[in-house]
Amino acid sequence: MRELRFTQVDVFSAVPLGGNPVAVVHDADDLTAGQMQRFAAWTNLSETTFLLRPTTPEADYRVRIFTTRGELPFAGHPTLGSARAWAEAGGTPRRPGVIVQECGAGPVEVRCTGSALAFAAPPLTRRGPLAPDLLARVLEGLGVGAGDVVASSHLVNGPEWVVVRLADAAGVLRLVPDPGPLAGLAVGVVGAHPEGHEAAVEVRAFVGEGATFVEDPVTGSLNAAIGQWLSDLPDRYVAAQGGAVGRAGRVRVEREGGRVWVGGDTEVVLRGTAAF
């Protein structure tokens, strides 16, 4: 049995334990995919990441991202948590102030300002309207009518999101979804807060994997996709997420030079070793 450095990072909240945690295992080059998957299932977090040596000269490190059931090419809060853990472990980026992460979706830039990090959103690989039968299934699962929906779309940037925009944030917060119709889907919901609220929008994410159905507390990939989809939002805005599950997530989204940056606060909560 060997021990590897382990870090657990809370992402997207300035409130202690108010964000979304990610487990990070360092120096994981010698682990097999099976070992990674078993450990990710054991942590029982939405994602666990493994840091490895990069395979491309522009990257500072490579990451593999696992849910409890499988591997993802990209995910948002694991990207920020991995970058924070890598830097805290002594990593020095090749470019000052910018960490370049290699992952299944390709290189991802992460800007660093102290504990606040932001990643450059990968391009959407799919974007388009939902088929009528899928939209009807999603609306049934959310418990809303067609008249409550302002817009809907597939938004794929690694995770395959089915996203619905409601008229307002109050409608998003009232949702009590039915897991049955949503089984096997990753469903995002967004609605605008009234003017003067600290956040421009409220976001919720519901993920069905096999027999399990969960609400993700704060979701970087979904907020990245929404920032690329909803062009009527300000070029700089804050999205609130997690209030329905007792969290205080705040995601900062910024459009700059044709790119969308998604960021927030990060805080290391646990440091230690993991045995394999």
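Two strands count as paired when DSSP finds at least two bridges between them. Strand 11 and strand 12 clear that bar, because five bridges join them. They run parallel. Keep in mind that this is a predicted model. Here's a quick tour of its two largest pockets, plus a strand that is mostly covered.

**The largest pocket**

- Start with the size: the largest pocket has a volume of about 750 Å³.
- Its lining takes in 36 residues, and E47, T67, V207, E209 and V214 are the ones that lie nearest the centre.
- Where does the largest pocket lie? Domain 1 (3-121 + 263-275) and domain 2 (126-247) both give residues to its lining, so the pocket sits between them.
- Several elements supply at least two lining residues each, among them strand 2 (20-25), helix 2 (76-88), strand 10 (149-156) and helix 6 (220-229).
- Strand 11 (160-166) and strand 13 (201-209) also supply at least two residues each to this lining.
- The top contributor is strand 14, which gives four residues; that strand covers 212-216.
- Sorted by class, the lining of the largest pocket holds 15 nonpolar, 14 polar and seven charged residues.

**The second largest pocket**

- Next comes the second largest pocket, with a volume of about 200 Å³.
- This one is lined by 14 residues, and R111, A118, R252, E254 and G263 lie nearest its centre.
- Strands that each put at least two residues into the lining of the second largest pocket include strand 7 (106-113), strand 8 (116-120) and strand 15 (236-241).
- Strand 16 (249-256) and strand 17 (259-275) do likewise, with at least two residues each.
- Domain 1 (3-121 + 263-275) and domain 2 (126-247) each provide at least three residues of this lining.
- By class, the lining of the second largest pocket has seven nonpolar, three polar and four charged residues.

**Strand 12 and its partners**

- Is strand 12 mostly covered or mostly open? Strand 12 spans residues 186-192 and is mostly covered, with six of its seven residues buried.
- On the strand 11 side, the pairing is parallel, and W161 stands opposite A186 of strand 12.
- Strand 13 pairs with strand 12 too, in the antiparallel sense and over seven bridges.
- For a spot to look at in that second pairing, try G188, whose bridge partner in strand 13 is A205.
- Both partners of strand 12, namely strand 11 and strand 13, turn up again in the lining of the largest pocket.

Technical notes:
Residues are numbered from 1 along each chain as its sequence is written. This is a predicted model: local features need pLDDT of at least 70, side-chain atom pairs count only at pLDDT 80 or more; totals for chains, interfaces and linings use all residues. Side-chain values use heavy atoms; hydrogens and water are left out. On a 1 Å grid over the protein atoms alone, a cavity is a set of points where a 1.4 Å probe fits but cannot get out, and a pocket is an open set with protein on both sides within 12 Å along at least five of seven lines; lining residues have an atom within 4 Å of a point. Grid points are joined across faces, edges and corners, and a volume is the space filled by probe spheres set on the points. Ala, Val, Leu, Ile, Met, Phe, Trp, Tyr, Cys and Pro count as nonpolar, Asp, Glu, Lys and Arg as charged, and the others, Gly among them, as polar. Domain bounds come from an automatic or database domain assignment. Buried means under 20% relative accessible area, exposed over 50%, partly exposed in between (1.4 Å probe, protein chains only).
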